[in-house]
Amino acid sequence: MSNEPRHRENHNLQPDGTIQATEPEVAPEACDIDYVSRLSKDPANKHGVVVVFTQEKCEPCSPFTSRVRKLIGDRIPVIESSIEDKKCLDMALSFDVKGTPTAVLVKYGVVQKRVTLPKGQGTWESVGDDIRKLIPAEEPSPQSTPVPS
């Protein structure tokens, strides 16, 4: 087991042994609209990519992001994009995001669907239903037809 802090990106160990909180680092691709567009066009991602827009002082953002990841699983890539980063904010605005948390399904470089947790409205169950709608229905697997003898 490593002795490194679990949230290394959020803390700096100072020479005197104290830990200083820092701004969380945002993965460069999380705010790169060209990267998201390319990823959404990749044939390996036939259902597109989901970008979850969050912000640090947003209480429901963390559970919302966790719920999106849990419900979507590994069927669609999920990218978390914090609007505190100017480039992420610009991408959110270009995707017509009106608030946080918001999950956006991007396919072929175009926004297909959006799910926003309405402030003071809805329930986690109703939001879960909306998140599930981001995922296209599974294509039926081919049924094996017995060969007549």
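Reader: Happy to start with a side chain that caught my eye: is Tyr108 buried or exposed?

Author: Good place to begin. This is a predicted model, and a residue counts as exposed when its relative accessible area is over 50%. Tyr108 has 55%, so Tyr108 is exposed. The residue lies in the loop between β5 and β6 (110-116).

Reader: And what is the sign of phi at Tyr108?

Author: Tyr108 is not a glycine, and yet its phi is positive, at about 55°. Asp96 is another such case, with a positive phi of about 60°. Asp96 sits in the loop between α3 and β5. Its relative accessibility is 38%, so Asp96 counts as partly exposed.

Reader: Which peptide bond should I check for a cis omega?

Author: Look at the step from Thr100 to Pro101: that bond is cis, with omega near -5°. Pro101 belongs to the loop between α3 (86-94) and β5 (102-107).

Reader: Let's turn to disulfides. How many does the structure hold?

Author: The general idea will be familiar to you: a disulfide is a covalent bond between the sulfur atoms of two cysteines. This structure holds two. One joins Cys31 to Cys88, with an S to S distance of 1.5 Å. The other is formed by Cys58 and Cys61, whose sulfur atoms are 2.1 Å apart.

Reader: What does the torsion about the S-S bond of Cys31 and Cys88 tell me?

Author: The torsion gives the handedness. For Cys31 and Cys88 it is about -50°, so this disulfide is left-handed. Cys31 is in the loop between β2 (19-21) and α1 (33-41), while Cys88 is in helix α3, so the pair ties together parts 57 residues apart in sequence. The link of Cys58 and Cys61 is right-handed, with 90° about the S-S bond.

Reader: Are these cysteines buried or exposed?

Author: Cys31 and Cys88 are both buried. Cys58 counts as buried at 11% relative accessibility, and Cys61 is buried at 3%.

Reader: What is the pairing if I number the bonded cysteines in sequence order?

Author: The pairing in the protein chain is then 1-4, 2-3.

Reader: Finally, what pattern does the chain follow along the sequence?

Author: Read that way, the pattern is β-β-α-β-α-β-α-β-β-α, which comes to four helices and six strands. Of the 149 residues, 32% are buried. The chain exposes about 10,200 Å², with carbon and sulfur atoms supplying 51% of that area. Among contacts between residues at least 6 apart in sequence, 63% join residues at least 24 apart.

Notes
Residues are numbered from 1 along each chain as its sequence is written. This is a predicted model: local features need pLDDT of at least 70, side-chain atom pairs count only at pLDDT 80 or more; totals for chains, interfaces and linings use all residues. Side-chain values use heavy atoms; hydrogens and water are left out. Helices (H or I, at least four residues) and strands (E, at least two) are DSSP runs, numbered from the N terminus. Buried means under 20% relative accessible area, exposed over 50%, partly exposed in between (1.4 Å probe, protein chains only). Contact means heavy atoms within 4.5 Å. Accessible areas come from the Shrake-Rupley method with a 1.4 Å probe; for residues, only the protein chains shown count as cover. A disulfide is a pair of cysteine sulfur atoms within 2.5 Å.
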